[in-house]
Amino acid sequence: MILTGAAAQRNKVTASGSGKSATRADLLLAWYDRHRRVLPWRAAPFETADPYRVWLSEIMLQQTTVKAVGPYFLKFVARWPTVTDMAAASLDDVLRMWAGLGYYSRARNLHACAVTVAREHGGVFPGTEEGLRALPGIGLYTAAAIAAIAFGRQTMPVDGNIERVVSRLFAVDDELPKAKPQIQQLAATLLGSSRAGDSAQALMDLGATICTPKKPACALCPLNGDCAARIRGDQETFPRKAPKKTGALRRGAAFVVTRGDELLVRTRPAKGLLGGMLEVPGSDWLVAHDETVARAQAPVLKSLSGWRRKTGTVTHVFTHFPLELSVYVGKVPPRTRAPEGMRWVDIATLDDEALPNVMRKVIAHGLGET
């Protein structure tokens, strides 16, 4: 995006104490050089970024915090140092390593992408946005982030942090998601003439550490001199957001069956919510929940004497709906065969299984003493 006239003039600010005109991009990079975060996936100054580590971190960071991702990232690169190493792994192994990080479709796409890069690209990531977007699980933002950070392409990815910084800097009054195209255009004006990856990471760091959602530290911001929202005094109201639509509550039943020190489990269908993950048997999750109908979906085990419903319920909130599960428990004698499509796993090894958080809650509730 080329700026002319007044717009170009607004994109230049006076560097403190120098009397010289410096672009916002210049100020951002100067700030970044002093205050950049040290992150396990980020290349050190003057080092070339590893596309594999950039890609892995960007997939993990989708809808997840830096703090949560750090240990998982280190665990993944220790197990699979390169994309070809990950491609050689099974999907089950990747899901097990991912368990607890949430949004499990990302793990399935992660593995599919690794396989594609290994088989179709010789283990080398494409260096363009177009080539990256053709890979499984890589959308517009992720392609731009990898292209800028790993390959130095002149493109600006816009994540939640950058969205917030830009909407405040230019006082973008339109609500999200309508404002996204405008924010994308404005964010592109903050690209330096070189160091595109550093420009993007500077904005990410600025949003994460200074231009925070609440109580931004405006006095420390390198762009505070002409931030439109700060001048107006309403910076915390940006970005403007339309009210969230919360899905209707769904309910269901979960069945925790033990055989001594073993637990009955099954694998969810590969596609759909929590696809390919492990779960205890359960009913459908429905808005029009009927407990009698849900009970009828319990696994059939001839040696099971009966079900006992646990006090209370397990609650969990997914992106599009909240969930409430009643939990039933039962015990069977040794050598009881698992129903078709199910299997027994050692309770002591559950930490190593690909169990989503909602199932870990269910199991903890079912195995508890209440």
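Select Arg79, Asp93, Arg96, Arg343 and Glu353 in this predicted model. Salt bridges link these five residues into a network. Zoom in on one pair, Asp93 and Arg96. Their closest N and O atoms lie 3.1 Å apart, and the pair forms a salt bridge. Both residues sit in helix α6, residues 91-98. How far apart are Asp93 and Arg96 along helix α6? They are three residues apart, which means a separation of about one helical turn. Now colour by accessibility. Asp93 is partly exposed, at 25% relative accessible area. Arg96 is partly exposed too, at 31%.

Widen the search to the whole structure, and the salt bridges number 20. Next, pick Asp205 and Arg37. Their side chains form a salt bridge, with an N to O distance of 2.7 Å. Which parts of the chain does this pair link? Asp205 belongs to helix α12, residues 196-209. Arg37 lies in the loop between α2 (24-35) and α3 (51-61). The two are 168 residues apart, so the bridge connects distant parts of the chain. Is Asp205 buried or exposed? Asp205 is buried, with 0% relative accessibility.

Move to Arg232 and Asp234. Here is another salt bridge, with 2.9 Å between the closest N and O atoms. The two ends differ in class: Arg232 is partly exposed at 44%, while Asp234 is buried at 18%. Asp234 counts as buried because its 18% falls under the 20% cut-off.

Hide the charged side chains and turn to the nonpolar ones. The largest nonpolar core holds 98 residues. Which members touch the most others? Select Trp55, Leu56, Phe76 and Met86. Then keep Leu56 alone and show what surrounds this residue. Setting aside residues up to four places away in sequence, Leu56 touches Phe73, Phe76, Val77, Met86 and Leu110. A second core is separate and has seven residues. Leu264, Leu301, Leu304 and Trp344 are among them.

Go next to Thr212. This residue is in the loop between α12 and α13 (228-232). Thr212 is buried, with a relative accessible area of 18%. Draw a distance from the Thr212 side chain to the backbone oxygen of Lys214: the value is 3.0 Å. Apart from neighbours within four places in sequence, Thr212 contacts Arg164, Arg168 and Gly207.

Keep Arg168 selected for the next stop, the cavity. How many cavities of 30 Å³ or more are there? The count is one. The largest cavity has a volume of about 130 Å³. Its lining has 14 residues. Select Arg168, Cys211, Cys218, Cys221 and Cys227, the lining residues closest to the centre. Which element gives the largest share of the lining? Helix α10, residues 160-169, does so with three residues.

Finish by zooming out and showing the cartoon. The protein chain has 15 helices and nine strands. Its C-alpha trace spans about 85 × 45 × 30 Å along the principal axes. Of its 370 residues, 49% count as buried. Last, display the contacts between residues at least 6 apart in sequence. Of these contacts, 66% join residues at least 24 apart.

Definitions and conventions:
Residues are numbered from 1 along each chain as its sequence is written. This is a predicted model: local features need pLDDT of at least 70, side-chain atom pairs count only at pLDDT 80 or more; totals for chains, interfaces and linings use all residues. Side-chain values use heavy atoms; hydrogens and water are left out. A salt bridge is a side-chain nitrogen of Lys or Arg within 4 Å of a carboxyl oxygen of Asp or Glu. Helices (H or I, at least four residues) and strands (E, at least two) are DSSP runs, numbered from the N terminus. Buried means under 20% relative accessible area, exposed over 50%, partly exposed in between (1.4 Å probe, protein chains only). A nonpolar core is a set of buried Ala, Val, Leu, Ile, Met, Phe, Trp, Tyr and Cys residues joined through side-chain atoms within 4.5 Å. Contact means heavy atoms within 4.5 Å. A polar contact is a pair of N or O atoms within 3.5 Å; within protein, one must be able to donate a hydrogen and the other to accept it, and residues adjacent in sequence count only if both atoms are side-chain atoms. On a 1 Å grid over the protein atoms alone, a cavity is a set of points where a 1.4 Å probe fits but cannot get out, and a pocket is an open set with protein on both sides within 12 Å along at least five of seven lines; lining residues have an atom within 4 Å of a point. Grid points are joined across faces, edges and corners, and a volume is the space filled by probe spheres set on the points.
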